[in-house]
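Hi,

Here is the structure I promised to pass on to you. Have a look at it first, then read my notes below with the viewer open.

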Amino acid sequence: MNTYEHSVLLDSSKCTGCTTCLKHCPTEAIRIKDGHAVINDTRCIDCGECIRMCPHKAKKAVCGKLENMERFKYKIALPAPTLYGQFDNLDDVDYVLDGLLKIGFDDVFEVSKAAELVSAYTRLYLKTDGVKKPVISSACPVIVRLIGLRFPSLSENIIHMLPPMEVAARLARERALRDHPHLKPDDIGVCFISPCPAKVSYVKNGFADYKSHVDEVVSISDIYFMLISEMSHGSEIKSLSESGIIGIGWASSGGESAAIFNENYLAADGIENVIRVLDQVENGNIPQIEFIELNACPGGCVGGVMAMENPFIAKARLQSLRHYLPVSQNFINDNYIPGSYLFNTLPEYQPITRLSDNMAESMRMMADIQNLKHSLPGIDCGACGAPSCRAFAEDVVRGRADANGCLIMRTAPIEKETENDS
């Protein structure tokens, strides 16, 4: 039984069955049935592409609420670096960090600080003997789930490094217990301020055998106006920032790659570009490179559907903000990667191309799909409720659709009879 909790949901009352989402879903998780979209939970990767594309706002991201943090005695905010790009004329991130304290948090730990540490350990990882290359970043949970479902042969290439959000959550908890000995672990609540619904799913479901240290994930769009009212420029603020250009650079595509200090990398953003790259890597049609950074959202995390600002404007603001920062404020002296920065196993997903656990049955089904596909128009109109003729043929063979569901094939005999009568 599927128990995966998703953060991208459908409001069927707003859905008109227009097929826009159908055409853009990267894992073909959406079908149109009875006049509105239906999302297949086993295929959905919470990328938010349907939210971004739906003209009727029928898809939405579901995340935590700030008031849920009231159950904790000590509340810690983890701002994603994307948050800094949401504000116009921001010349000091301390205004944002101070604002988070003013809206009720007891402490703030920058995810960009953890990103600088992750970058440092990634440089060590790439020098480790036996590492399969190209190494693919694990920072974007959409990419990890996409690879498991569509490109399982590339799972061994994924770096076993925890994302900065998780590292920040652990370090923030450790600091709180160290600075406030009277606190118990259960007294501390950690809240990640996210541009991305996939992070919500990551926290809800854990990551294979790893349980997240984050308690709540709230969207940037939910917290934005609360912050605006508390961020008063010109007033005296605390000096809180502990990160630099490298950490804040993670918000935009290419920022993580630039931080490995190795020009032999590739960075791609936007789900269609990501799939194109993964196709080429899987087929061996890509030059020899060390590291691949992939972001499902256009422009990187700045393009997340839970952010407020246009991703290109946010990226430009972050570029301007970085002029005031040091390269990094976090360095390591280790010659090895601590276990607390690594995860042991990847989540297990059933690849969407697997038709059956029985090889003979799979081959029979594949042949039936091919035969039916050849009899279909091949125009991928979506009128049948599936994204393509190939997907419709698979649905029929799997018993999920009626073979008479193709409207064009049904009307073809009528049109032929009309021609003969004339």
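What follows is a short tour of what I found in it.

First, a word on trust. This is a predicted model, and the protein chain has an average pLDDT of 93, with 97% of the residues scoring at least 70. The stretch to be wary of is residues 414-419, where the pLDDT is below 50 and the model shows zero contacts beyond near neighbours in sequence. Where pLDDT is low, the predicted coordinates should not be read in detail.

Now go to strand S5, residues 74-79. Six of its six residues are buried, so to speak on both faces: Tyr74, Ile76 and Leu78 point one way, while Lys75, Ala77 and Pro79 point the other way. S5 has parallel pairing with S8 over six bridges, and in that pairing Pro79 sits opposite Ile193 of S8. S5 also pairs in the parallel sense with strand S6 (residues 107-108), this time over two bridges. There, Ile76 stands opposite Asp107. To get from S5 to S6 the chain passes through H3, and this β-α-β crossover is right-handed.

On the way from S5 to H3 there is a loop, and Thr82 is in it. Is Thr82 buried or exposed? Its relative accessible area is 1%, so Thr82 counts as buried. Leaving out residues up to four places away in sequence, Thr82 touches Pro195, Ile220, Ala251, Cys301 and Val302.

One of those contacts, Ile220, takes us to helix H8, which covers residues 220-230. Ile220, Ile223, Tyr224 and Leu227 are the ones to click on here: they are buried. They cover an arc of only 125° around the axis, which puts them on the same side of H8. A general point helps with this: an α-helix has 3.6 residues a turn, so residues three or four places apart point the same way. The buried residues of H8 pack against helix H3 (94-102), strand S8 (188-194) and strand S9 (216-219). Turn to the other side of H8 and you'll find Phe225 and Ser229, which are exposed.

Helix H4 (residues 111-126) makes a nice check you can do yourself. At 1.5 Å a residue, its 16 residues should span 22 Å, and the end C-alpha atoms are 22 Å apart, which agrees. In H4, 14 of the 16 residues are buried, so this helix is largely enclosed by the rest of the structure.

Next, look for an open sheet of three strands. The order is S7-S11-S10, and the pairing is parallel. Strand S7 (135-136) and strand S10 (265-269) are at the edges with a single partner strand each, so one side of each has no neighbour in the sheet. S10 pairs with strand S11 (residues 291-295) over five bridges, and Tyr265 stands opposite Phe291 there.

Last stop: Cys140, in the loop between S7 and helix H5 (141-150). Its relative accessibility is 13%, and under 20% counts as buried, so Cys140 is buried. Which residues does Cys140 contact, leaving aside neighbours within four places in sequence? They are Leu294 and Ala296. If you'd like a distance to try in the viewer, take Cys140 and Arg354: they are 214 residues apart in sequence and 24 Å apart in space, C-alpha to C-alpha.

Have fun with it!

Technical notes: Residues numbered from 1 in each chain as written. Predicted model: local features only at pLDDT ≥ 70, side-chain atom pairs only at ≥ 80, totals over all residues. Heavy atoms only, no water. Buried < 20%, exposed > 50% of the residue type's maximum accessible area, 1.4 Å probe, protein only. Helix = DSSP H or I, 4+ residues; strand = E, 2+ residues; numbered from the N terminus. Arc of directions from axis to C-beta. Contact = heavy atoms within 4.5 Å. Expected span 1.5 Å × (residues − 1). Pairing = 2+ DSSP bridges. Right-handed = clockwise from strand over helix to strand, strands pointing away. pLDDT = per-residue confidence, 0-100.
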